[in-house]
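Hi everyone, thanks for coming. I'd like to walk you through a structure that is new to most of you, so let's get it up on the screen.

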Amino acid sequence: TLAAIPKSMTQNPPGFDPISVDEYEPQLLSTKELLDKYWPYAKPLLERVVKEAMHGELGIEDIYRKVAAGEFFVFVFKCDKGIMPSVKLAIVLEVVKYPQMAAMNVVALGGEQLFIFHKRFWAMLTGWAYMNGIKVFECSVAPAMQRVIERFGFKKTYARMRYDLLEGNHE
């Protein structure tokens, strides 16, 4: 009987996910129905990025509005095999049209198992971007994330600087 089995053997450890990462697939949230279905699962992943990595550029509702308006793209890496959808990673993208090239700016990237999803889906994502006229991906990142994405082939091209007009310490 279950009563004879220690409770520690019948409970999953914190963070345990019974769905294998192999069951996840990318989904572009390209319709209102897809956005309505997956946004509630992507939102907490992106809220953490907005809170911890951004510096006031965007709020989570700004991202949602821009996605709904077709100004940003969101890909989620999702699995529909459970009772409810599961989203492990979300990436928010924005096309930047320079006079001589089109770039895809990574606005936000939130979730877990980035290395696995990069290995499985990066070629698919960059292929989609290339077929849509994109020549480069770019992003503004903290030094720690810079070290991570350099492993994926990103190269430092600029040092992004900011001068805050509201700080009041101007001479």
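Let me start with a small puzzle: is Val 136 buried, partly exposed or exposed? Before I answer, please keep in mind that this is a predicted model.

Okay, so Val 136 is partly exposed, because its relative accessible area comes to 31% and the partly exposed class sits between the buried cut-off of under 20% and the exposed cut-off of over 50%. You'll find Val 136 in strand S5, which covers residues 136-139. And Val 136 has company out there: together with Tyr 98 and Met 101 it makes a nonpolar surface patch of about 240 Å².

Now let's step back and look at the whole chain. We have 171 residues in the protein chain, and 31% of them count as buried. The secondary structure comes to 5 helices and 5 strands. If you trace the elements from the N terminus, the order reads α-β-α-α-β-β-β-α-β-α.

Next up, two of those helices. Helix H2 runs over residues 32-52 and helix H3 over residues 60-68, and the two pack with their axes 10 Å apart, at an angle of about 140°. So H2 counts as oblique to H3. To count as roughly antiparallel, an angle has to be over 145 degrees. As for the handedness, H2 passes H3 in a right-handed crossing.

What else ties these two helices together? There's a salt bridge between Glu 61 and Lys 43, with the closest N and O atoms 3.3 Å apart. That pair links distant parts of the chain, since Glu 61 is in helix H3 and Lys 43 is in helix H2, 18 residues apart. Both partners are partly exposed: Glu 61 has a relative accessible area of 37%, and Lys 43 has one of 25%.

Let's stay around the start of H2 for a second. Lys 32 is found in helix H2, and it counts as exposed because its relative accessibility is 58%. Along the sequence, Lys 32 and Ala 69 are 37 residues apart, yet their C-alpha atoms are 10.0 Å apart in space. Then there's Thr 31, in the loop between strand S1 (25-28) and H2. Thr 31 is partly exposed, at a relative accessible area of 34%. Thr 31 pairs up in a similar way with Val 67: 36 residues apart in sequence, 9.7 Å apart from C-alpha to C-alpha.

Okay, on to charges. A quick reminder: side chains of opposite charge can pair when their charged atoms come close. So how many salt bridges does this model have? The count comes to 11. One of them joins Lys 81 and Glu 23, whose closest N and O atoms are 2.5 Å apart. This one links distant parts of the chain: Lys 81 is in the loop between strand S2 (73-79) and strand S3 (86-97), while Glu 23 is in the loop between helix H1 (7-10) and S1, 58 residues apart. Lys 81 counts as exposed because its relative accessibility is 64%, whereas Glu 23, at 34%, counts as partly exposed.

Another salt bridge brings together the side chains of Asp 80 and Lys 78, at 2.8 Å from N to O. Here the two partners fall in separate classes: Asp 80 is partly exposed at 34% relative accessibility, but Lys 78 is buried, with a relative accessible area of 5%. And it doesn't stop at that pair, as salt bridges that share partners join Glu 25, Lys 37, Lys 78 and Asp 80 into one network.

Two last stops before I hand over. Take a look at Gln 113, in the loop between strand S4 (102-111) and helix H4 (114-131). Its phi is near 60°, a positive value in a residue other than glycine. Gln 113 is partly exposed, with a relative accessible area of 34%.

And finally, towards the end of the chain, we get to Lys 156, in the segment after helix H5 (143-150). Lys 156 counts as exposed because its relative accessibility is 56%. Its C-alpha atom is separated by 9.4 Å from that of Glu 138, which is 18 residues apart from Lys 156 along the chain.

That's my tour, thanks for listening!

Conventions
Residues numbered from 1 in each chain as written. Predicted model: local features only at pLDDT ≥ 70, side-chain atom pairs only at ≥ 80, totals over all residues. Heavy atoms only, no water. Patch = residues over 30% accessible without salt bridge, like charges linked within 9 Å, V, L, I, M, F, W, Y side chains within 5 Å. Areas by Shrake-Rupley, 256 points an atom, 1.4 Å probe, with all protein chains shown as cover. Salt bridge = Lys/Arg side-chain N within 4 Å of Asp/Glu carboxyl O. Helix = DSSP H or I, 4+ residues; strand = E, 2+ residues; numbered from the N terminus. Buried < 20%, exposed > 50% of the residue type's maximum accessible area, 1.4 Å probe, protein only. Axes fitted to C-alpha atoms, helices over the stretch in contact; angles between N-to-C directions. Parallel < 35°, antiparallel > 145°, perpendicular 65-115°, else oblique. Left-handed = near helix turned anticlockwise from the far one by under 90°.
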